[in-house]
Amino acid sequence: MSALVTRPEQTSRDAVADRFLAVRGRTEDLAAPLSPEDQTVQSMPDASPTKWHLAHTTWFFETFVLRPHAPGYRVFDPAYEYLFNSYYEAVGPRHPRPQRGLITRPGVDEVMAYRRHVTRAMTEFLASEAGEYAAVIELGLHHEQQHQELILMDIKHALSCNPTKPAYAQGAPSPSGAGGAMGWREFEGGLVDVGHQGGGFCFDNEGPRHRAWLDPFALAIRPVNCGEYLAFMDDGGYRRPEFWLSAGWDCVNQRGWDAPLYWQKDGGEWHVFTLAMRPVNCGEYLAFMDDGGYRRPEFW
């Protein structure tokens, strides 16, 4: 019996197809906890409905891979070319971004049918053509992963606008607090090389690599945690103009800011809306105080 021989190009096509299906599946997993109403709402002009993200990432593969390169491909709905374009000027006009929440039709079921149609066509296309169009497919996958982040960011804002503060999903993880004493890493600055290098993927705005002048600067060795931010608030951070640039201080006064977006005081205790309402981790604040936070000038 002869052994089954797999050619390298076939292995490569299989790998691309597997990654394509994994990325597409992850997008749908992120949308799964949301109702059709959740997926249609647009809570501010800078956000987009979940349903729109599902359709737009599908539109990308239909527009830049299947329509120009897949013989015999049948466009799912010609109207989607206008509805689900984003900012691709060369492709044609598009529906205004602030009005995406007004697109109640097609509904979620129709958008999911659109995804299945394009995913099926792409799977067939990748079985024979993955290598020649690998660059645009790779771009499309990174583009879809960007929109996965946007799905969570945008629905977080939408759900936070609901007075009942519904959770995105039961068991949504609590934010992890950055611990340990704060420190700083010094950078000398000078003439430095900036931009992507190497053979891996990058977006076009990450290149070309070039030189830039940097003055000396320092970065914290970890993110600021909620406890430290509470200390800033308790020390009058939103009442002391020396902590703000002039534009920021104008916003503080004009908008009545006294805490970060998604923070809310309930019964004298601060809570933060992540993908569910959580108490601010005051343990971090106590650790900051126990570490001499109010006696050590390097924290301020």
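Arginine 115 is buried, with a relative accessible area of 0%. Here buried means under 20% relative accessible area, exposed means over 50%, and partly exposed lies in between (1.4 Å probe, protein chains only). The model is predicted, so local features need pLDDT of at least 70 and side-chain atom pairs count only at pLDDT 80 or more, while totals for chains, interfaces and linings use all residues. Residues are numbered from 1 along each chain as its sequence is written, and side-chain values use heavy atoms, with hydrogens and water left out.

**Exercise 1. Salt bridges of glutamate 144**

Task: State the distance between the closest N and O atoms in the salt bridge of glutamate 144 with arginine 24, and then in the one with arginine 115.

Solution:

Step 1. Recall the rule: a salt bridge is a side-chain nitrogen of Lys or Arg within 4 Å of a carboxyl oxygen of Asp or Glu. Side chains of opposite charge can pair when their charged atoms come close.

Step 2. For glutamate 144 and arginine 24, the closest N and O atoms are 3.0 Å apart. This pair links distant parts of the chain, with glutamate 144 in helix α6 (residues 134–160) and arginine 24 in helix α1 (residues 8–31), 120 residues apart. Helices (H or I, at least four residues) and strands (E, at least two) are DSSP runs, numbered from the N terminus.

Step 3. For glutamate 144 and arginine 115, the closest N and O atoms are again 3.0 Å apart. Arginine 115 lies in helix α5 (residues 108–129), 29 residues from glutamate 144.

Step 4. Consider the surroundings. Glutamate 144 is buried, at 0% relative accessible area, and arginine 24 counts as buried at 2%.

**Exercise 2. A second pair, and a network**

Task: Decide whether glutamate 242 is buried or exposed, and find which residues are joined into one network by salt bridges that share partners.

Solution:

Step 1. Glutamate 242 and arginine 240 meet through their side chains in a salt bridge of 2.7 Å, N to O.

Step 2. Glutamate 242 has 51% relative accessibility and therefore counts as exposed. Arginine 240, at 28%, is partly exposed.

Step 3. The network joins Arg24, Glu28, Arg115 and Glu144 through shared salt-bridge partners. By the rule above, the count comes to 10 salt bridges.

**Exercise 3. The geometry of helix α3**

Task: Compare the reach of helix α3 with the span expected for a helix, and locate its bend.

Solution:

Step 1. The expected span is 1.5 Å times one less than the number of residues.

Step 2. Helix α3 (residues 50–69) has 20 residues and reaches 28 Å from first C-alpha to last, close to the expected 28 Å.

Step 3. The bend at a residue is the angle between axes fitted to the seven residues ending there and the seven starting there. In α3 a bend of about 35 degrees is found at glutamate 62.

Step 4. Since 16 of the 20 residues of α3 are buried, this helix is largely enclosed by the rest of the structure.

**Exercise 4. The start and end of helix α7**

Task: Identify which residue caps the N-terminal end of α7, and list the buried residues of this helix.

Solution:

Step 1. The cap is asparagine 225, whose side-chain oxygen lies 3.1 Å from the backbone nitrogen of glycine 227.

Step 2. In helix α7 (residues 226–234), the buried residues are Gly227, Glu228, Leu230, Ala231 and Met233.

Step 3. Just after α7, glycine 236 takes a positive phi of about 85 degrees.

**Exercise 5. Backbone features in loops**

Task: Find where proline 106, proline 208 and tyrosine 262 are placed, and describe the backbone at each.

Solution:

Step 1. Proline 106 is in the loop between α4 and α5. The peptide bond leading to proline 106 from arginine 105 is cis, with omega near 5 degrees.

Step 2. Proline 208 is in the loop between β2 (190–194) and β3 (210–214). The bond from glycine 207 to proline 208 is cis, with omega near -5 degrees.

Step 3. Tyrosine 262 is in the loop between α8 (246–255) and β5 (263–266). Although not a glycine, tyrosine 262 has a positive phi of about 80 degrees, and this residue is buried at 17% relative accessible area.

Terms used. A polar contact is a pair of N or O atoms within 3.5 Å; within protein, one must be able to donate a hydrogen and the other to accept it, and residues adjacent in sequence count only if both atoms are side-chain atoms.
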